[in-house]
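Work through the exercises below with the model open. Try each task before reading its solution.

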Amino acid sequence: MQRIEDRVIDEQLKSELSRQGIFATSLQELYNWGRRSSLWPLNFGLACCAIEMIATTMARYDLARFGAEVFRPSPRQADLMIVAGTVTKKMAPQVVRLYNQMPEPKYVISMGACAISGGPFKQGYNVLKGIDRYIPVDIYIPGCPPRPEALIDAFLALQKKIDAQHLTGAARPRHLNADQPSEFVVPQFGKHDLEPPKNSELWKAPLVQITTGETTGAAMPGGQP
C-alpha cells in the first residue's frame with residue numbers, strides 16, 4: 001500500500017491541467033507553501049549581526065520579496081527566530097524564554113560566528129559558545145558578520161527545508177511529532193556558570209580524535225627520517 005507522503009502528483013499532468021485552467025496540488029504542498037511563504041521573524045537583535053539583518057529588509061535587498069517582511073515585536077506572533085549576534089550568558093535565558101513563547105511551527109537561524117560558536121569571544125567567560133546548546137537550530141550562517149546576501153541565502157535554504165517536509169510518517173518535522181518537546185529548559189544563573197550549562201538532550205559534545213603524537217617513520221623534507 002502506498003504511503004500518503006509518497007503520493008506525488010505527476011508534473012506533466014499538472015502542467016496539462018494548468019493549461020486548461022485547472023490547478024491541482026496536494027494538501028502537503030499547500031500546507032508547506034503557506035508556511036514557507038509567510039515566515040514572520042521575531043524583531044530583536046543582539047550585536048553587530050543585527051545591523052546586517054536590518055539592512056536585509058531595506059530597499060536594496062528587499063527581504064519582502066520572500067514573504068518575510070513582517071518582523072513581529074512579540075514572540076506570540078512570530079515563527080522564525082534570527083539569533084543575530086553574540087549571545088552572552090546574561091542574555092541566553094532571555095533568548096530561550098522568547099523561543100519557548102513562540103508558537104509552533106517555529107524555526108531558528110543562527111546568524112554569524114558568535115551565535116554559532118562564540119566567535120572571537122569564545123574564550124571569554126561571559127559568552128555562550130553557541131545558541132544550539134539550548135535551542136534547536138535549523139540554519140547556520142557563518143561569517144563575522146555575514147552580509148545581507150548570506151541571510152537571504154539562509155531564508156531560501158529554510159524555505160527549501162520546509163518544502164521538503166512531510167505531514168505524516170517518520171520523516172515528519174518536530175512540531176508534528178507529539179513526542180518531541182516544544183519548549184526547552186531556561187538556564188538559570190549559577191554560582192560560576194549557567195545551570196544547566198547545556199541542554200543534554202539537545203546538544204552533544206563533538207567527538208575529537210586525539211593522537212598520541214608518535215612518529216610514523218615517514219621521511220621529513222630534506223631526507224631526514
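Contact here means heavy atoms within 4.5 Å. The model is predicted.

**Exercise 1. Gln188**

Task: Find which residues Gln188 touches, not counting residues up to four places away in sequence.

Solution:
- Step 1. Locate the residue. Gln188 is in strand S4.
- Step 2. Apply the contact cut-off. Gln188 touches Asp193, Leu194 and Glu195.
- Step 3. Check the side chain for a polar partner. The side chain of Gln188 reaches the backbone oxygen of Val186 at 3.3 Å.
- Step 4. Look further along the chain. Pro93 is 95 residues from Gln188 in sequence, yet their C-alpha atoms are 6.9 Å apart.
- Step 5. Classify the exposure. The relative accessible area of Gln188 is 47%, so Gln188 is partly exposed.

**Exercise 2. Asp79**

Task: Determine what surrounds Asp79, and how far away the nearest side chain of opposite charge is.

Solution:
- Step 1. Place the residue. Asp79 sits in the loop between H3 and strand S1 (80-84).
- Step 2. Test for a salt bridge. The cut-off is 4 Å between a side-chain nitrogen of Lys or Arg and a carboxyl oxygen of Asp or Glu. Arg35 is the nearest side chain of opposite charge, at 7.6 Å. Asp79 is buried and has no salt bridge.
- Step 3. Look for a polar partner instead. A polar atom of the Asp79 side chain lies 2.7 Å from the backbone nitrogen of Trp40.
- Step 4. List the neighbours. Leaving out residues up to four places away in sequence, Asp79 touches Ser38, Leu39, Trp40, Met102, Pro105, Lys106 and Tyr107.

**Exercise 3. Salt bridges**

Task: Count the salt bridges, then trace some of them along the chain.

Solution:
- Step 1. Count. The same cut-off gives five salt bridges.
- Step 2. Take Arg36 and Asp163. Their closest N and O atoms are 3.0 Å apart. Arg36 is in helix H2 (residues 27-36) and Asp163 in helix H6 (residues 148-163), so this pair links distant parts of the chain, 127 residues apart. Arg36 is partly exposed at 22% relative accessibility. Asp163 is also partly exposed, at 40%.
- Step 3. Take Glu104 and Arg174. They meet in a salt bridge of 2.8 Å, N to O. Glu104 lies in the loop between helix H4 (92-101) and strand S2 (107-111), and Arg174 in the loop between H6 and S4. The two are 70 residues apart.
- Step 4. Take Asp138 and Lys161. Their salt bridge is 3.0 Å, N to O. Asp138 is in the loop between helix H5 (113-117) and strand S3 (139-141), while Lys161 is in helix H6, so the pair ties together parts 23 residues apart in sequence.

**Exercise 4. Surface residues**

Task: Decide whether Ile54 is exposed, partly exposed or buried, and do the same for His192.

Solution:
- Step 1. Recall the limits. Buried means under 20% relative accessible area, and exposed means over 50%.
- Step 2. Take Ile54, in helix H3 (residues 49-56). Its relative accessibility is 46%, so Ile54 counts as partly exposed.
- Step 3. Add its patch. Ile51, Ile54 and Met58 form a nonpolar surface patch, with about 300 Å² of accessible area together.
- Step 4. Take His192, in the loop between strand S4 (188-189) and strand S5 (194-195). At 73% relative accessibility, His192 counts as exposed.
- Step 5. Check a distant partner. Tyr125 is 67 residues from His192 along the chain, and their C-alpha atoms are separated by 9.6 Å.

Note on methods
Residues are numbered from 1 along each chain as its sequence is written. This is a predicted model: local features need pLDDT of at least 70, side-chain atom pairs count only at pLDDT 80 or more; totals for chains, interfaces and linings use all residues. Side-chain values use heavy atoms; hydrogens and water are left out. Patches are made of residues with over 30% relative accessible area and no salt bridge: like charges are joined within 9 Å, nonpolar side chains (Val, Leu, Ile, Met, Phe, Trp, Tyr) within 5 Å. Accessible areas come from the Shrake-Rupley method with a 1.4 Å probe; for residues, only the protein chains shown count as cover. Helices (H or I, at least four residues) and strands (E, at least two) are DSSP runs, numbered from the N terminus. Buried means under 20% relative accessible area, exposed over 50%, partly exposed in between (1.4 Å probe, protein chains only). Lys and Arg count as positive and Asp and Glu as negative; His and the chain ends are not counted. A polar contact is a pair of N or O atoms within 3.5 Å; within protein, one must be able to donate a hydrogen and the other to accept it, and residues adjacent in sequence count only if both atoms are side-chain atoms.
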